[in-house]
Amino acid sequence: MKRIIVPIFMSLVLLLMPVLAEAHPGRTDANGGHYCRTNCAKWGLENGEYHYHNGGSTNSKPAATAKPAVKPSAKPTAKPTATPAPTLLLPKKQNVGTLQVYFFDVGQGDSTLIRTPNNQYVLIDGGNNDQGKNVVKYLNALGVKTLDAIVATHPDADHIGGLDDVLKALDVKAVYAPKVSHTTETYKDFLTAVKNEGRTIKAVTKGVIIPLTGVEAKFLAPTREYGDNLNDWSAVLKVTYKNKSFLFTGDAEKTSENDMLADGMNLKADVLKVGHHGSSSSTSKAFIDAVKPQYAVISVGKNNYGHPDSGILTRLKNANTSVLRTDQKGTITAISDGNKITFTSTKGAK
């Protein structure tokens, strides 16, 4: 029986060897594939080529399967976008042949440009230090290349802070200021800029005149010395064109106002640039009664001083004076042909 089984087993092995060789499953590794050793060409492989039995192949053994990448927690790749600065609203240049007064929006401060019918320019103050570049932008937008005069009403930073930028950027023919000094860096910067421009400061007292063609520009104050009260040192300028006039008072307070009243000078003006941003320290009833303004412009911005004072606003209203404010209307432009005055502004009332 044993002799019969052995020959049969051997016969079966010989019959199955081609099939086994053709299948060449071999021993697969941890990646589920192995190297081809027999009948490689039949399978479209080369001898020694690593392959899988699903038909995929590669000439080199693949790297070990990588672990799934752990997705990191999302983090911001950039800083939050900063709120853009508000766009500077530029005034429009008016036609030549009229007197134009631009009350620039410089926040809590003063800066006013006068353009005469003969195209001469006078700048009164330049706002605070951070407003100098804006004042230069205003002047550039209006086509100003040369200033016939700059008036620095007094040494406070919210009036002269931006003037050094103006002096650096434009040609300036003359600089006017009251004969009072200050120890601040802002005032020193102003003096340095005047010196670098090759100019000296013309002292302002009552009666001094800025030479302009067809327009009278006369200083009414300071009428005397005021010690360390810088506000009362303010240069007060009255500009008259034919039958219309403007009074620019800087930060002059009641003491200076009373001195102007006592001198008996003609204070009557159609437009009053309200003193000291509408502070209760200025614009007394007696002063308003003498000026009799049809319009009052208050140069003011966000502040902690209570400007403009509600009592001053009531006083102006009782005098039938129309009030325009730069914090509400932006840059305010007054245009006069010498017989009437019209206004425009860069934004409407809030």
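**Entry 1: hairpin β19-β20**

I take two strands as paired if DSSP finds at least two bridges between them. With that rule I looked up β19 and β20 in this predicted model. The two strands form a hairpin with 4 residues between them. I then looked up the pairing itself: β19 (332-336) and β20 (residues 341-345) run antiparallel and are joined by 5 bridges. As a register point I noted Thr 333, which stands opposite Thr 344 in β20. In the turn, Gly 338 has a positive phi of about 100°.

**Entry 2: the whole chain**

I next recorded the totals. The protein has 9 helices and 20 strands. Of its 350 residues, 45% are buried. I took the contacts with a separation of 6 or more, and 59% of them join residues 24 or more positions apart. The exposed area is about 18800 Å², of which carbon and sulfur atoms supply 54%.

**Entry 3: the open sheet**

In which order do the 7 strands of the open sheet stand? I read the order as β12-β13-β14-β15-β16-β17-β18, with mixed pairing. The edges are β12 (209-210) and β18 (322-325). Each of these has a single partner strand, so one side of each is left without a neighbour in the sheet.

Within this sheet I followed β13 (residues 216-221) and β14 (residues 236-241), which pair in the antiparallel sense over 5 bridges. Ala 221 stands opposite Val 236 in β14. I also checked the peptide bond that joins Ala 221 to Pro 222: the bond is cis, with omega about 10°. Pro 222 itself lies in the loop between β13 and β14.

**Entry 4: the approach to α8**

I found a cis peptide bond from His 307 to Pro 308 as well, with omega near -10°. Pro 308 belongs to the loop between β17 and α8. At the start of helix α8 (residues 310-318), I noted that a side-chain oxygen of Asp 309 comes to within 2.8 Å of the backbone nitrogen of Gly 311. Just after α8, Asn 320 has a positive phi of about 60°.

**Entry 5: two histidines with positive phi**

I looked up His 276 and His 277, both of which are in the loop between β16 and α7. His 276 has a positive phi of about 55° although it is not a glycine. His 277 is likewise not a glycine, and its positive phi is about 60°. Are these residues buried or exposed? With the limit for buried set at under 20% relative accessible area, His 276 is buried at 15%. His 277 is buried at 2%.

**Entry 6: the nonpolar cores**

Which residues touch the most other members of the largest nonpolar core? I found Ile 114 and Ile 210, in a core of 29 residues. I listed the elements that give two or more residues to this core: β4 (99-103), β6 (121-124), β8 (149-151), β13, β14, β15 (244-248), β17 (295-298) and β19.

I then traced the contacts of Ile 114, leaving aside its neighbours within four places in sequence. Among them are Leu 99, Val 101, Tyr 121, Val 122, Ile 124, Leu 237, Val 239 and Phe 248. Gln 100 and Gln 120 are also in contact with Ile 114.

A second, separate core has 27 residues. Val 136, Leu 170, Ala 177 and Tyr 187 are included in this second core.

**Entry 7: aromatic rings**

My search of the whole structure gave 7 aromatic pairs. One of them is Phe 246 with Phe 248: the ring centres are 6.2 Å apart and the planes stand at 5°, so the pair is stacked. Both of these phenylalanines are buried. Together with Phe 103, Phe 246 and Phe 248 form one aromatic cluster.

I also looked up Tyr 295 and Phe 343, whose ring centres are 4.7 Å apart. Their planes stand at 55°, so I entered this pair as tilted. Why does the pair tie together parts of the chain that are apart in sequence? Tyr 295 lies in strand β17 and Phe 343 lies in strand β20, so the parts tied together are 48 residues apart in sequence. For burial, Tyr 295 counts as buried at 16% relative accessibility. Phe 343 is partly exposed, with a relative accessible area of 24%.

Technical notes: Residues numbered from 1 in each chain as written. Predicted model: local features only at pLDDT ≥ 70, side-chain atom pairs only at ≥ 80, totals over all residues. Heavy atoms only, no water. Polar contact = N/O pair within 3.5 Å; in protein donor to acceptor, adjacent residues only side chain to side chain. Core = buried A, V, L, I, M, F, W, Y, C linked by side-chain atoms within 4.5 Å. Buried < 20%, exposed > 50% of the residue type's maximum accessible area, 1.4 Å probe, protein only. Contact = heavy atoms within 4.5 Å. Phe/Tyr/Trp six-rings, centres within 6.5 Å; stacked < 30°, edge-to-face > 60°. Areas by Shrake-Rupley, 256 points an atom, 1.4 Å probe, with all protein chains shown as cover.
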